[in-house]
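Open the model in your viewer and keep the selection tool at hand. The stops below go from the whole chain to a single side chain.

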Amino acid sequence: MTNNDSIHRLNKLQMETIEKLAEILEPFKDVMTRIQSSITPSIHTVIPAVFHLREHLTVTRTDKQNEKKVRYTQGMNYFKTRALQLLNIMFEIQDVYWCAYFLNPKTRHLAGATTEEVEHCHELIRDLVEDEKEFISSTHNDTSHHKQQTPSPSPTAATQTPPRKRAKFMSKYENKTRAQSHSNNEEFQVYLQMFIDGLDNEDEDNDYDLETNDYVEYNPLYFWQQQQTQLKLPLLARVARRIFSIPATSAAVERLFSASGTLITPIRANLDPDT
């Protein structure tokens with residue numbers, strides 16, 4: 001394409017079309033800005049972000065009716081439909097995102113998820129809680145063995161891997177027939193049914209910050225760091241701390257390395273920490 005052709009095509013563009021495209025793409029900017037945050041946990045925002053984008057890109061009946069009434073509506077509807085298809089094809093909701101979505105007290109009822117997705121998420125959490133219990137038990141047993149003299153292990157026992165590692169290695173092949181203890185099941189149900197003051201009430205202004213005069217996002221770690229939560233839900237609290245330590249994307253880490261590369265160069269390789 002020559003430069004003259006480019007200028008000709010740019011002049012042909014209608015500002016209304018550009019504004020409509022910008023309106024469609026605006027939620028993508030908001031989503032990427034949030035999930036790339038490195039200040040607060042971000043992994044629990046992935047599924048709400050996907051749900052939000054899916055809803056935004058869904059062509060409604062009103063959009064269909066406006067195709068013959070409003071200019072460019074048919075083209076915008078095609079663009080939204082195609083973008084939704086690519087979103088569903090290229091992005092896979094991994095299990096860790098469901099766990100984080102559930103472990104956020106504000107979204108623990110998994111609004112927007114299908115019945116199959118809810119059951120799958122609950123099964124994932126139960127497995128993680130059971131793994132955490134086995135890990136604590138094995139750690140306790142190892143400590144006890146160090147404190148007292150034990151007989152030499154038999155050859156068959158020596159070839160067995162620890163329970164927790166084996167569960168991870170064999171989870172792909174074993175049937176999900178693990179028996180759930182009463183305490184673990186009770187802890188899971190308590191979390192689902194408990195009333196959390198300031199979160200489960202109908203006051204929509206509980207996230208409003210009077211100092212900034214704006215709504216602030218709830219940090220789920222506030223709930224799991226409370227002593228009463230750790231006493232009531234000890235296993236889930238341990239799982240939550242591990243899950244929320246995972247960033248939604250590696251963008252923040254990559255930015256950090258990029259910034260470090262501009263500071264530490266081959267000719268500035270001996271910088272002191274205080275420099």
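The tour covers the overall chain, its nonpolar core, two helix pairs and one arginine.

**Whole chain.** Note before selecting anything that this is a predicted model. Colour by secondary structure: the chain has 14 helices and two strands. Switch to a surface next. The exposed area is about 19700 Å², of which carbon and sulfur atoms supply 54%. Of the 275 residues, 29% count as buried. Among contacts with a separation of 6 or more, 72% are between residues 24 or more positions apart.

**Nonpolar core.** Select Trp 98, Phe 102, Leu 103 and Trp 224. These four touch the most other members of the largest nonpolar core, which has 49 residues. Then show the helices that each supply at least two residues of this core: H2 (15–35), H3 (46–57), H5 (73–90), H6 (95–103), H7 (115–147), H10 (182–193), H11 (221–224) and H13 (234–243). In soluble globular proteins, nonpolar side chains tend to be buried together.

**Trp 224.** Stay on this residue and display its surroundings. Beyond its neighbours within four places in sequence, Trp 224 is in contact with residues including Leu 103, Pro 105, Tyr 191, Leu 233, Leu 236 and Phe 244.

**H3 against H5.** Select both helices. Their axes lie 9 Å apart and make an angle of about 155°. Angles over 145 degrees count as roughly antiparallel, so H3 and H5 are placed in that class. The crossing of H3 past H5 is left-handed. For the interface, show Val 50, Leu 53, Arg 54, His 56 and Leu 57 in H3; they meet Lys 80, Thr 81, Ala 83, Leu 84, Leu 87 and Asn 88 in H5.

**H6 against H13.** Move to this second pair. Here the angle is about 125° and the axes are 10 Å apart, which makes H6 and H13 oblique to each other. The crossing is again left-handed. From H6, Val 96, Cys 99, Ala 100 and Leu 103 meet Leu 236, Val 239, Ala 240 and Ile 243 of H13.

**Arg 241.** Keep H13 on screen and pick Arg 241, which lies in this helix. Is Arg 241 buried, partly exposed or exposed? Its relative accessible area is 36%, so Arg 241 is partly exposed. Leaving aside neighbours within four places in sequence, Arg 241 is in contact with Trp 224 and Gln 230. For a last distance check, pick the C-alpha atoms of Arg 241 and Pro 220: they are 21 residues apart along the chain and separated by 9.8 Å.

Notes. Residues numbered from 1 in each chain as written. Predicted model: local features only at pLDDT ≥ 70, side-chain atom pairs only at ≥ 80, totals over all residues. Heavy atoms only, no water. Helix = DSSP H or I, 4+ residues; strand = E, 2+ residues; numbered from the N terminus. Buried < 20%, exposed > 50% of the residue type's maximum accessible area, 1.4 Å probe, protein only. Contact = heavy atoms within 4.5 Å. Areas by Shrake-Rupley, 256 points an atom, 1.4 Å probe, with all protein chains shown as cover. Core = buried A, V, L, I, M, F, W, Y, C linked by side-chain atoms within 4.5 Å. Axes fitted to C-alpha atoms, helices over the stretch in contact; angles between N-to-C directions. Parallel < 35°, antiparallel > 145°, perpendicular 65-115°, else oblique. Left-handed = near helix turned anticlockwise from the far one by under 90°.
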